[in-house]
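Subject: the structure you asked about

Hi,

Here is the structure, ready for you to open next to this email. Have a look first, then read on for what turned up in it.

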Amino acid sequence: MRELPAPGDVFESGTIPVSFAKMLAFSGGPFDTPGWPLRNIHTDYEKAREAGIPVPIASGIQAESHLVRLLEGAFGDAWFRTGMLDVKHVRPLAAGDAFALKARVAERRQLGEGTTRYVLEVSGARPDGTLVLTGTAEVSVER
Amino acid sequence: MLQGESYEPLTFVVAEEYNEQYVFAQTDYSERYLPSPGKEAQAHPGLLMQMLSNTRSPSYWIPGGIGAILGSAQTKFLRPAYVGREYKVTWTVTQIYPKREKQYHEITATMYDSAGDPVMERKLHVTYVPAAE
């Protein structure tokens, strides 16, 4: 049985590299789509330029998905039944960037016998500290 | 789209290969997302959140020269989803509001399983800007 987190505990992702190959896999649609990848600002240089962006940027959903991985690692199956994530995308990421995610337990409270609700502050930043996302997460754990 | 209007819903089946594409994209080789004898593979959350994007609606359209930006999102995970099962996604514009001289649409996207039970809900806060902006 995993140990329950306590207020102040911090979960960290380590450095996550952003690659164009993985942006294509995430945002390009199924590999077997005729003409793959789907052309959008996440997969196509011309579409990005048309949108006023010099290079394709990673989907914000892709960064959120990494955050879910971090929280699932911390809270297990409970995340998929009670998890709540509130994320603001501050700056985009492009191929060649790297970032790291952090989730800090801000609050722990009993909801009833055997159920604990956690509130976490979440953030993502480039190695130089530039914020890319920020927000909160909540999850209930039965014990 | 006006407040209260809905996009055309989408019904889809989580294909094993598409799920594994998200496993690769996120370098997330957790056994929960991979098929194994006697156990259903869970749908990757990246795939699910992607399918709740309003761009996935068959009726999604924006004029040329306009870009859509996802500013923020609130997501509720309500039950796991699985590879090989069918799901339905609905989208409704639940609010239109101004913020920092831009107009934002709050779009509530909900994914249901075949029993009609909600699997995931996302409130997407999207703004539409001229492409050059």
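Right after α1(A) comes Gly29(A), and its phi is positive, near 80 degrees. (Helices and strands here are DSSP runs, H or I with at least four residues for a helix and E with at least two for a strand, numbered from the N terminus.) Before going further, some ground rules: this is a predicted model, where local features need pLDDT of at least 70 and side-chain atom pairs count only at pLDDT 80 or more, while totals for chains, interfaces and linings use all residues. Residues are numbered from 1 along each chain as its sequence is written, chains are lettered from A and ligands numbered from 1 in the order in which they are written, and side-chain values use heavy atoms, with hydrogens and water left out.

**Helix α1 of chain A**

Helix α1 of chain A covers residues 20–27 and is mostly covered, with 6 of its 8 residues buried. "Buried" means under 20% relative accessible area, "exposed" means over 50%, and "partly exposed" is in between (1.4 Å probe, protein chains only). The buried ones are Lys22(A), Met23(A), Leu24(A), Ala25(A), Phe26(A) and Ser27(A). What sits over them includes α3 (60–75) of chain A, plus α1 and α2 (45–51) of chain B.

**Chain A overall**

Chain A has 4 helices and 5 strands, and from the N terminus they run β-α-α-α-α-β-β-β-β. The C-alpha trace spans about 55 × 35 × 20 Å along its principal axes. Of the 143 residues in chain A, 45% are buried. If you take the contacts in chain A (heavy atoms within 4.5 Å) with a separation of 6 or more, 59% are between residues 24 or more positions apart. The accessible surface of chain A is about 6,900 Å², and carbon and sulfur atoms account for 52% of that. (Accessible areas come from the Shrake-Rupley method with a 1.4 Å probe; for residues, only the protein chains shown count as cover.)

**A buried glutamate**

Glu64(A) is in helix α3 of chain A. Is Glu64(A) buried or exposed? Buried, because its relative accessibility is 0%. Leaving out neighbours within four places in sequence, Glu64(A) contacts Leu85(A), Val87(A) and His89(A) in its own chain, and Met49(B), Leu70(B), Ala73(B), Thr75(B) and Arg122(B) in chain B. Glu64(A) is also 9.5 Å from Gly124(A), C-alpha to C-alpha, with their positions 60 residues apart in sequence.

**Salt bridges**

Over all chains, the search finds 11 salt bridges, where a salt bridge is a side-chain nitrogen of Lys or Arg within 4 Å of a carboxyl oxygen of Asp or Glu.

- Arg32(B) pairs with Glu72(A), the closest N and O atoms being 2.9 Å apart. This one crosses between chains, from the loop between α1 and α2 of chain B to helix α3 of chain A. Both residues are buried.
- Glu121(A) pairs with Arg104(A), with closest N and O atoms 3.1 Å apart. Glu121(A) is in strand β4 (residues 115–125) and Arg104(A) in strand β3 (residues 98–112), so the bridge ties together parts of chain A that are 17 residues apart in sequence. Glu121(A) is partly exposed at 41% relative accessibility, and Arg104(A) is partly exposed at 33%.
- Glu107(A) pairs with Arg109(A), the closest N and O atoms being 2.7 Å apart. Here Glu107(A) is partly exposed at 36%, as is Arg109(A) at 34%.
- Arg39(A), Asp44(A) and Glu46(A) are linked in a salt-bridge network.

**Surface patches**

Patches are made of residues with over 30% relative accessible area and no salt bridge; like charges are joined within 9 Å, and nonpolar side chains (Val, Leu, Ile, Met, Phe, Trp, Tyr) within 5 Å.

The nonpolar patch consists of Phe31(A), Phe24(B) and Tyr29(B), with about 320 Å² of accessible area together. Phe24(B) is in helix α1 of chain B and is partly exposed, with a relative accessible area of 33%.

There is also a negative patch, made of Asp32(A), Glu16(B), Glu17(B) and Glu20(B). (Lys and Arg count as positive, Asp and Glu as negative; His and the chain ends are not counted. Each charge is placed at NZ of Lys, CZ of Arg, CG of Asp or CD of Glu.) Glu20(B) is in helix α1 of chain B, residues 16–25, and is partly exposed at 32% relative accessible area.

Cheers
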